Amino acid sequence: MIANSLDTPNKWKWISYICVYLVLVLNASTNAYASTDSHIEKEKYKLYSHIKLTNHNEYLCLVRLWNLESLWNPKANNKESTAYGIPQLLKLNTKDPYLQIDAGLKYIAHRHGTPCKALAYHLKTGTY
C-alpha cells in the first residue's frame, strides 16, 4: 500500500518540497559561513580595543559608539564627508584596522577624554 501511494502525483510534490528545503538549507549555511568570517574579524578588533582600554565600562561605550559609526567595518566610508574606517575619522589614511583603532582611541582621548564621554556627546549631536 505504501508503494502505491508513492506512485501518485503527490510523490513529485514531496520530492520538490525536499529539493526546495535542501536548497534553502545549503544557501543559509553558505551565508552563515561568510558572515562568520567577518564576525570573527570584528571580534578581533573589539578584543584589541578592550586590551588597549583596560576598562570594561569604557570598552562597552566604545563598542556602542563604533557600532553607531561604522559597525566596526574598517572599510566603512562616509559618503557625506572624508570620514573613513572603524572610528570614522576625517581624512584617515590607513586601511589597517588596528591602526584605525589606535587613531580613534587617540582622538577620543584628546577630544573627549573617554569613550563614554564621546558616546554621550555622540548621542546628543550625532557626531563625536
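Which residues are exposed on the other side of α5? The answer is best approached by looking at both sides of this helix in the model, which is a predicted one.

Helix α5 spans residues 115–125, and its buried residues are Pro115, Ala118, Leu119 and His122. When the helix is viewed down its axis, these buried residues fall within an arc of 100°, so they line one face of α5. On the other side of the helix, Lys117 and Lys124 are exposed; these two lysines answer the opening question. After α5 comes Gly126, which has a positive phi, near 90°.

The surroundings of α5 include a second helix, α3, formed by residues 56–69. The axes of α3 and α5 come within 8 Å and cross at roughly 35°, and the crossing is left-handed. From α3, the contact is made by Asn57, Glu58, Cys61, Leu62, Arg64, Leu65, Leu68 and Glu69. From α5, the participants are Pro115, Cys116, Ala118, Leu119, His122 and Leu123. Sorted by class, this contact has 9 nonpolar, 2 polar and 3 charged residues. Pro115, Ala118, Leu119 and His122, the buried residues of α5, are among those that take part in the contact with α3.

Attention may now turn to the aromatic residues. A pair of aromatic rings is described by the distance of the centres and the angle of the planes. The structure holds 4 aromatic pairs. One of them joins Tyr45 and Tyr98, whose ring centres are 5.5 Å apart and whose planes stand at 80°, an edge-to-face arrangement. This pair links distant parts of the chain: Tyr45 belongs to helix α2 (residues 10–53) and Tyr98 to helix α4 (residues 97–111), with their positions 53 residues apart in the numbering. Tyr45 has a relative accessible area of 8%, and is therefore buried, whereas Tyr98, with a relative accessible area of 28%, is partly exposed.

Tyr98 also pairs with Tyr48. The centres of these two rings lie 5.0 Å apart and their planes meet at 80°, so this pair is edge-to-face as well. Because Tyr48 lies in helix α2 and Tyr98 in helix α4, the pair ties together parts that are 50 residues apart in sequence. Tyr48 has a relative accessibility of 24% and therefore counts as partly exposed. Through these ring pairs, Tyr45, Tyr48 and Tyr98 are linked into a cluster.

Technical notes
Residues numbered from 1 in each chain as written. Predicted model: local features only at pLDDT ≥ 70, side-chain atom pairs only at ≥ 80, totals over all residues. Heavy atoms only, no water. Phe/Tyr/Trp six-rings, centres within 6.5 Å; stacked < 30°, edge-to-face > 60°. Helix = DSSP H or I, 4+ residues; strand = E, 2+ residues; numbered from the N terminus. Buried < 20%, exposed > 50% of the residue type's maximum accessible area, 1.4 Å probe, protein only. Arc of directions from axis to C-beta. Axes fitted to C-alpha atoms, helices over the stretch in contact; angles between N-to-C directions. Left-handed = near helix turned anticlockwise from the far one by under 90°. Contact = heavy atoms within 4.5 Å. Nonpolar A, V, L, I, M, F, W, Y, C, P; charged D, E, K, R; others polar.
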